[in-house]
Number of protein chains: 2
Amino acid sequence: MQDHEFSRIERAPAYRLVYNAIEREILTGRLRVGSPLPAELQLAEQFGVNRSTVREGIRLLEQSGLVERDGGKRPRISVPHYLDLASSASRALILHSVTFRELWEASMVVEPAIAESAAQHVNEAGLAELTINLEAMETMVVRLEGGGDPDLEAFVQLDRTFHEILAKVAGNRVLALAHEPVTSLFIPTGQIILPRLKTYRRVFDAHHHIFDCLKAKDAAKARSWMHKHMDDFRRAYELTELSLDAPLDAVSLGIS
Amino acid sequence: MQDHEFSRIERAPAYRLVYNAIEREILTGRLRVGSPLPAELQLAEQFGVNRSTVREGIRLLEQSGLVERDGGKRPRISVPHYLDLASSASRALILHSVTFRELWEASMVVEPAIAESAAQHVNEAGLAELTINLEAMETMVVRLEGGGDPDLEAFVQLDRTFHEILAKVAGNRVLALAHEPVTSLFIPTGQIILPRLKTYRRVFDAHHHIFDCLKAKDAAKARSWMHKHMDDFRRAYELTELSLDAPLDAVSLGIS
DNA sequence: ACAGTCCGTTTGTCCGACAATTTTGAATAG
DNA sequence: CTATTCAAAATTGTCGGACAAACGGACTGT
């Protein structure tokens, strides 16, 4: 019989208050990025808490990327890198049993947009990076077609790198963020597909077509080739008779 | 003249080793999600370090979402929520001076896809949620057109909620992840646009059209209305004479 | 200008302690 | 036997102090 709803009482531990306070100082610019954090004892004195408590607060800052420690030196204030956070999010997606279908749908949306933007913004340096990547992959494909032993992990790594270079070239950090789960989760499904269907050259060809579009600055064509390339993943996955809606297994992706 | 490359020497502090060890136990399933973390003293004994050191390691786990504390109770092992990590990433984007153009380009890609998927998967409960949201917004628009005092924050919040409901209804967690910066950064630019151009009803109308498409399960139309809706943001932003390529300012977005 | 040395500061780690709260387990009532 | 109650044990959050190792900076001698 309660006739009044009390707002939930929150008794945050002191170390979290320390975290909040310092986070605020950083976000509002009173503590400048790049400068060293004040000494622990000084902070303890200012906050009126013990040094151990301050240290626990600093650990929170450290894990959230707002503070970087470099050896035994004074920790420095830094800006968290969004791609690090994105890869944590990808790991979380795996733990939440994300499905192949979800990843595929997202890749069909994000990657073509990245290819399009990359075609518009690509420069010599980007093309050079892509060339190196393509040559490495071609070497590997030729070796495999000669009956070589497949090094799946290395192949998938080259595949990922190709798409990462594209995302970098596209020059859109929000799209790069959206694209992170695609490289770290979707493309590694190749580890399941490739050995069963031997589609190595098909992947290489797709990359090469996209590369040509970039060189020709043909954004529309780049988009459409990438679209086809992503859809190939689904078709191949279906041929393996795995369910699109079954949760992906971290182990079989070689993600630990 | 160095003929041998030494691998970089890494001297991680003990608390980080503790973090790594426990993280591993969780990811490999030896520590089950939902169960309480072993007592600090027990961990300290097992790892052969002091309890303070263990505690610092636990703070790292806490911030990365692998451990959840609930009051003074035993911290429990949990799965990090990807949306929390995404909102950290959004904050990082702001600190990295992300531009309106980047957010807009991403929104033009992600939001129409979400609308399309939402139209395919929407159910009664989702429509009900959207109805409540729309009614609240209509009330506010009518009040504003009657000369009422604009509560920008509340309006933007309703706008965000509409898009968040859509993302939830779409049922794709990877797209939801990609869409997070759109709600937490892009839509709040309305705080800049709305008071200058008074486009309240225009926003409401767009939402209503999208809602109708969902009710009719017309995915293609939902996509196209959302596309138009997002592009409206750019057109409005350009009319304010702000540069699309200038970094967004956290303060003016009401993000602290 | 440069290398080496000394010294105060700071971080990383350990030890011990205690209040507040939670968990456990045993005693008790129904 | 089950449910409740209650005291004891365990656990977390915080404090205080201590010390080795590494760092930073000033000083010195060349």
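Start by selecting A:L85, A:A86, A:A89, A:L177, A:A178, B:L85, B:A86, B:A89, B:L177 and B:A178: these residues line the largest cavity. Two or more of its lining residues come from each of α4 and α8 of chain A, and from each of α4 and α8 (173–186) of chain B. Helices here are DSSP runs of H or I, at least four residues long, strands are runs of E of at least two, and both are numbered from the N terminus.

This is a predicted model, in which local features need pLDDT of at least 70, side-chain atom pairs count only at pLDDT 80 or more, and totals for chains, interfaces and linings use all residues. Residues are numbered from 1 along each chain as its sequence is written, chains are lettered from A and ligands numbered from 1 in the order in which they are written, and side-chain values use heavy atoms, with hydrogens and water left out.

**Stop 1: the cavity**

Stay with that selection. The space in the largest cavity is about 80 Å³. The whole structure holds 1 cavity of 30 Å³ or more. Colour the lining by class: 10 residues are nonpolar, with no polar and no charged ones. (Ala, Val, Leu, Ile, Met, Phe, Trp, Tyr, Cys and Pro count as nonpolar; Asp, Glu, Lys and Arg count as charged; the others, Gly among them, count as polar.)

How is such space found? Rolling a probe the size of a water molecule over the atoms shows where empty space is left. On a 1 Å grid over the protein atoms alone, a cavity is a set of points where a 1.4 Å probe fits but cannot get out; a pocket is an open set with protein on both sides within 12 Å along at least five of seven lines; lining residues have an atom within 4 Å of a point. Grid points are joined across faces, edges and corners, and a volume is the space filled by probe spheres set on the points.

**Stop 2: the largest pocket**

Next, select A:Q63, B:E62, B:Q63, B:S64 and B:G65. Of the 43 residues lining the largest pocket, these lie nearest its centre. The pocket's volume is about 1,400 Å³. Now show α1 (14–27), α3 (51–63), β1 (67–68) and α4 (82–95) in chain A and in chain B; each supplies at least two lining residues. Which element gives the most to the lining? It is α4(A), with 5 residues. By class, the lining has 13 nonpolar, 15 polar and 15 charged residues.

**Stop 3: DNA strand D**

Move to DNA strand D. There are 17 residues around strand D, and A:A14, A:N50, A:T53, B:E40 and B:R51 come nearest. (Near means that one of a residue's heavy atoms lies within 4 Å.) Of the strand D atoms within 4 Å of the protein, 68% belong to sugar or phosphate and the rest to bases.

Zoom in on three polar contacts, pairs of N or O atoms within 3.5 Å; within protein, one atom must be able to donate a hydrogen and the other to accept it, and residues adjacent in sequence count only if both atoms are side-chain atoms.

- A:R51: a polar side-chain atom lies 3.2 Å from a base nitrogen of strand D.
- A:T53: a polar side-chain atom lies 2.9 Å from a phosphate oxygen of strand D.
- B:R59: a polar side-chain atom lies 3.1 Å from a phosphate oxygen of strand D.

The largest share of this surface, 3 residues, comes from α3(B). By class, the surface near strand D has 5 nonpolar, 4 polar and 8 charged residues.

**Stop 4: DNA strand C**

Switch to DNA strand C. Of the 18 residues around strand C, A:R51, A:R55, B:A14, B:N50 and B:T53 come nearest. Sugar and phosphate make up 65% of the strand C atoms that come within 4 Å of the protein.

Select A:R51 again: a polar side-chain atom lies 2.7 Å from a base oxygen of strand C. At B:N50, a polar backbone atom is 2.8 Å from a phosphate oxygen of strand C. At B:T53, an N or O atom in the side chain is 2.8 Å from a phosphate oxygen of strand C. The surface near strand C divides into 5 nonpolar, 5 polar and 8 charged residues.

**Stop 5: two single residues**

Select A:H179 in helix α8 (residues 173–186) of chain A. Buried or exposed? A:H179 counts as buried, because its relative accessibility is 3%; buried means under 20% relative accessible area, exposed over 50%, and partly exposed in between (1.4 Å probe, protein chains only). Beyond its neighbours within four places in sequence, A:H179 is in contact with A:V110, A:E111, A:I114, A:H163, A:E164 and A:A167. (Contact means heavy atoms within 4.5 Å.)

Finish at B:S243, in the segment after α11 (219–239) of chain B. B:S243 is partly exposed, at 40% relative accessible area. Its side chain reaches the backbone nitrogen of B:D245 at 3.0 Å. Add B:R101: B:S243 and B:R101 are 142 residues apart in sequence and 8.9 Å apart in space, C-alpha to C-alpha.
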